[in-house]
Amino acid sequence: MGTIFKKKKTFTYVPPTPPAELIESTSYTLDFAARKFVHIGIDPTEKFQVVVHLLTSSRHVKITPDILTRIFSLIGNILSFVLEQPEKYKRTLFLETEFYKLSTNLIQLHYLEWCIFETVKGKSTITQPAVLKQFDIFLKYIDVEFTKVDSPPKNPEEMVTFIKNVRDDSVISKIAKSDVNPISQIKMYASSQLAEQ
């Protein structure tokens, strides 16, 4: 038995998968020292929907604005419960779904509530339609440029390379100067979606 307990156990650290890169993103800090942030933007991997990422140094959670609304509706009850409890730890779940359990820096999140919802609303009503419009402009540009190439891409990987080599200013010149202009971000973060289309 002594030899069994003396064996060293080795654990391999497997870093979490990084969150998807968001187009036209905005970040809010919950706790800088603990590396906790709220990141809001348009996710090209989720059909260009507005998403919210809660990021920490060890993990991230992607949530929809609807789930965030549910969390904010519970914060008052949660804070009053937490602040009235004695020092003894007792686990209480306030929101648990198939995908989420509620746990974060609630007071700072509560302070940021209006900022976060203003950001989500602006990205949903103004930025998302502009990004989708420019995604279509980019697609039309690629279609035209694709016919000019002697040796067109033959597979998705070659198509992504073709898209990443398009000069940003060539596409930007097709867009009205008054429009929001995330063409470079679309090229960087949605090149596989452009290639699929």
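**Exercise 1.** In this predicted model, find which element of the chain has the lowest mean pLDDT and which has the highest.

*Solution.* Start at the low end: helix H1 (residues 2-6) has the lowest mean pLDDT, at 53. Now go to the high end, where strand S2 (residues 36-43) comes out with 92. For the whole chain, the average pLDDT is 80, and 78% of the residues score at least 70.

**Exercise 2.** Work out how S2 and S3 are put together: in which sense do they pair, and over how many bridges?

*Solution.* First, the direction: S2 and S3 pair in the antiparallel sense. Next, count the bridges, and you get seven. Then pick out a facing pair: Phe37 sits opposite Leu55 in S3. Finally, look at the connection. The two strands, S2 and S3, make a hairpin with five residues between them, and Lys47 in the turn has a positive phi of about 55°.

**Exercise 3.** Follow S3 to strand S4 and say how many bridges join them. Then explain why S3 is largely enclosed.

*Solution.* Step one: four bridges join S3 to S4 (residues 60-63), and these strands run antiparallel. Step two: His53 stands opposite Lys62 in S4. Step three: S3 and S4 form a hairpin too, with four residues between them. Last step: five of the seven residues of S3 (residues 49-55) are buried, so the rest of the structure largely encloses this strand.

**Exercise 4.** Check the span of helix H4 against the expected value, then find where its kink is centred.

*Solution.* H4 (residues 113-148) has 36 residues. From first C-alpha to last it reaches 50 Å, close to the 52 Å expected at 1.5 Å a residue. Now for the kink: H4 has one of about 40°, centred on Lys123.

Conventions:
Residues numbered from 1 in each chain as written. Predicted model: local features only at pLDDT ≥ 70, side-chain atom pairs only at ≥ 80, totals over all residues. Heavy atoms only, no water. pLDDT = per-residue confidence, 0-100. Buried < 20%, exposed > 50% of the residue type's maximum accessible area, 1.4 Å probe, protein only. Pairing = 2+ DSSP bridges. Expected span 1.5 Å × (residues − 1). Bend = angle between axes of the 7 residues up to and from the residue.
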